[in-house]
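Colleague: Could you walk me through this structure with a few questions and answers? I am new to this, so small steps would help.

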Amino acid sequence: VTGFGFFNYLFSQGDDIAVGRILGQSSLGIYQNAYKLSTLPLSELNDVFYKVTFPIYTKLADEPARLKQAVIKQTLFATLIMVTFGLILFIFSKEVVNLVLGSQWTSAVPVVKVLAFLGAIRGISFSFNSLFLALEKQKYVTYITFVSLLGLAITLIPFIYKFGLVGAAASEMTGAILAFPFALFLINKTFKKL
C-alpha cells in the first residue's frame, strides 16, 4: 500500500513538476486546472465505489461465485459511468471549461480533451483496487501504478518538448493506457484463482 501511495503520488504530480519547470508557471496553472476538471469523475466516483465495494468484497472473499458476480457488475457500472463522463467531457470540453473555469481558460480545452479519457481509463483500472485489497493483493495495485508511472516517466519530457501542455496530457494517457491491459491481466489472474 505504501508503494501504491508513493507511485501514485509520483504519477499524479510528476507531470506538474515537469510542466512547471519546462513550460513555466502560467502553463502549470492551465494544466493543473485542466487536470482537476478532467479527473473529477476518477477522484470523486472512485472514492465512493471503493468505500462501498471494499467491505462487500471483503465479506464475499470466501464465496468466489458471488464475489465474481459482484465485481463484474461493479466494473460494468463503473465503466459505463466513467466512459460516459469521459465522452461528455471530450465532446463538450469547450463548454465545460467556459462554464466551470471561465472564458479566459480556453487554452485548457485541448488539454481537457486529452485528459477526459485519462479519468475514464484510470477510473476503470482503479475500480479493481477494492477487490485486490479485499483479497490482500496489495502488490497488484502497486504493480499497476508502477506501470503507469513508468509510461509517464519514459514519455513525459519528450512529449512536453514536442507538444507542450497537450504532450504532458498525452504522457499521462500513455501511462494509463500501458497500465490498463496489465490491470485486466491481473483481474483475470485473480478470477482464475477464485
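Here is a friendly conversation about this predicted model.

Colleague: How many helices and how many strands are there in the protein?

Modeller: Let's start by following the elements from the N terminus. They run α-α-α-α-α-α-α-α-α. Counting by type, the protein has nine helices and zero strands.

Colleague: What radius of gyration does the protein have, and what would a compact globule have?

Modeller: To picture the outline, the C-alpha atoms fill a box of roughly 55 × 30 × 20 Å along the principal axes. With 194 residues, a compact globule would come out near 16 Å. The protein agrees with that, because its radius of gyration is 17 Å.

Colleague: What share of the residues is buried?

Modeller: A residue counts as buried when its relative accessible area is under 20%. Applying that cut-off to the 194 residues of the protein gives a buried share of 46%.

Colleague: Which atoms supply 68% of the area that the protein exposes?

Modeller: The protein exposes about 9,900 Å². Of this area, 68% comes from two kinds of atoms, carbon and sulfur.

Colleague: How far apart are the mean positions of the positive and negative charges?

Modeller: The protein has 16 positive and 9 negative charges. Take the mean position of each group, and the two points are separated by 7 Å.

Colleague: What span should helix α4 have, and what is the distance between its end C-alpha atoms?

Modeller: Helix α4 covers residues 64–91, which is 28 residues. At 1.5 Å a residue, the expected span is 40 Å. The end C-alpha atoms agree with this, so the distance is also 40 Å.

Colleague: Which residues of α4 are buried?

Modeller: Here we look for residues of α4 under 20% relative accessible area. The list is Leu67, Val71, Gln74, Thr75, Ala78, Ile81, Met82, Gly86 and Leu89.

Colleague: Is Lys193 buried or exposed, and how far is its C-alpha atom from that of Pro64?

Modeller: Lys193 belongs to helix α9, residues 165–193. Its relative accessibility is 58%, and the cut-off for exposed is over 50%, so Lys193 is exposed. Lys193 and Pro64 are 129 residues apart along the chain, and their C-alpha atoms are separated by 9.1 Å.

Colleague: Is Arg122 buried or exposed?

Modeller: You can find Arg122 in helix α6, residues 109–126. Between the C-alpha atoms of Arg122 and Pro64 there are 25 Å in space, with their places 58 residues apart in sequence. Arg122 has a relative accessibility of 3%, under the 20% cut-off, so Arg122 is buried.

Colleague: What is unusual about the phi of Glu136, and what is its value?

Modeller: Glu136 sits in the loop between α7 and α8, and it is exposed because its relative accessible area is 66%. Most residues other than glycine have a negative phi. Glu136 is not a glycine, yet its phi is positive, at about 60 degrees.

Colleague: How does Leu150 count by its relative accessibility, and what is its C-alpha distance to Ile81?

Modeller: Leu150 is in helix α8, residues 138–163. Its relative accessibility is 42%, which means that it counts as partly exposed. Leu150 and Ile81 are 69 residues apart along the chain, and their C-alpha atoms are separated by 27 Å.

Colleague: Where does Ser107 lie, and how far is it from Leu152 in space?

Modeller: Ser107 lies in the loop between α5 and α6. With 39% relative accessibility, Ser107 counts as partly exposed. Ser107 and Leu152 are 45 residues apart in sequence, and from C-alpha to C-alpha the distance is 23 Å.

How values were computed
Residues are numbered from 1 along each chain as its sequence is written. This is a predicted model: local features need pLDDT of at least 70, side-chain atom pairs count only at pLDDT 80 or more; totals for chains, interfaces and linings use all residues. Side-chain values use heavy atoms; hydrogens and water are left out. Helices (H or I, at least four residues) and strands (E, at least two) are DSSP runs, numbered from the N terminus. The radius of gyration is taken over C-alpha atoms; the globule rule is 2.2 Å times the number of residues to the power 0.38. Buried means under 20% relative accessible area, exposed over 50%, partly exposed in between (1.4 Å probe, protein chains only). Accessible areas come from the Shrake-Rupley method with a 1.4 Å probe; for residues, only the protein chains shown count as cover. Lys and Arg count as positive and Asp and Glu as negative; His and the chain ends are not counted. The place of a charge is taken as NZ of Lys, CZ of Arg, CG of Asp or CD of Glu. The expected span of a helix is 1.5 Å times one less than its number of residues.
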